[in-house]
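Please open the structure in your viewer and keep the selection tool at hand. This tour goes from one selection to the next and says what is there.

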Amino acid sequence: MFKQKVESLLNEALASKPDLFLISFQITGANVIQVIVDGDNGVSVDDCIEVSRAIEHNLDREEEDFSLQVMSAGITEGLIHIRQYAKNMGRTLSIITEKEEIEGELIATTADDFTLQWKAREPKPVGKGKVTVNKTQVIPYGEVKKAHVVVKFN
């Protein structure tokens, strides 16, 4: 009952902020409510505060003691929601599918798939040595087992 009430309050809070979307929601055995959200334009501290207040102000601590944590999805969370791909356009992603591991720049997204582009060294068609070629691959979201943004420090 408690979980359904929290989930309902969370859904209402997110409905009032359509640029935000849920990444994960759980309640541990010690009634620690953990909410991770992301947004099409990122997540501000104010966004987290608003979601937190929408939940906390509608629960009674006299009925059920709880702890509430609302946070934004970190870079280590990986890409879980399709909307996260569009927001990371132009960044380098590391993708693991059933068949392969690919690292490349995200250059396009659709409702069903996304496109990565990268450079690879391949043997020359004629003669010895290697040549750099541009590769592009379209990957359906359903084939992705893991996806992360690659953090690069220049």
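The stops below take in strands first and then patches on the surface, and throughout you are looking at a predicted model.

Begin by selecting residues 92–97, which are strand 4, together with residues 101–109, which are strand 5; these two strands pair in the antiparallel sense over five bridges. Strand 4 and strand 5 form a hairpin, with three residues between them. To see one position of this pairing, select Ser94, and you will find that Glu103 in strand 5 stands opposite Ser94.

Keep strand 5 selected and add residues 113–123, which are strand 6, since strand 5 and strand 6 also pair in the antiparallel sense, here over four bridges. Strand 5 and strand 6 form a hairpin too, again with three residues between them. Select Thr109 next, and look for its bridge partner in strand 6, which is Phe114.

Now turn to the surface and select Asp60, Glu62, Glu63, Glu64 and Asp65, which gather there in a patch of negative charge. Glu64, one of these residues, is found in the loop between helix 2 (45–56) and strand 3 (67–72). Is Glu64 buried, exposed or partly exposed? Glu64 counts as partly exposed, because its relative accessibility is 30%.

For the last stop, select Ile75, Val151 and Phe153, which make a nonpolar surface patch of about 350 Å². Ile75 is found in the loop between strand 3 and helix 3 (82–87), and Ile75 counts as partly exposed because its relative accessibility is 44%.

Technical notes:
Residues are numbered from 1 along each chain as its sequence is written. This is a predicted model: local features need pLDDT of at least 70, side-chain atom pairs count only at pLDDT 80 or more; totals for chains, interfaces and linings use all residues. Side-chain values use heavy atoms; hydrogens and water are left out. Two strands pair if DSSP finds at least two bridges between them. Patches are made of residues with over 30% relative accessible area and no salt bridge: like charges are joined within 9 Å, nonpolar side chains (Val, Leu, Ile, Met, Phe, Trp, Tyr) within 5 Å. Accessible areas come from the Shrake-Rupley method with a 1.4 Å probe; for residues, only the protein chains shown count as cover. A salt bridge is a side-chain nitrogen of Lys or Arg within 4 Å of a carboxyl oxygen of Asp or Glu. Lys and Arg count as positive and Asp and Glu as negative; His and the chain ends are not counted. The place of a charge is taken as NZ of Lys, CZ of Arg, CG of Asp or CD of Glu. Buried means under 20% relative accessible area, exposed over 50%, partly exposed in between (1.4 Å probe, protein chains only).
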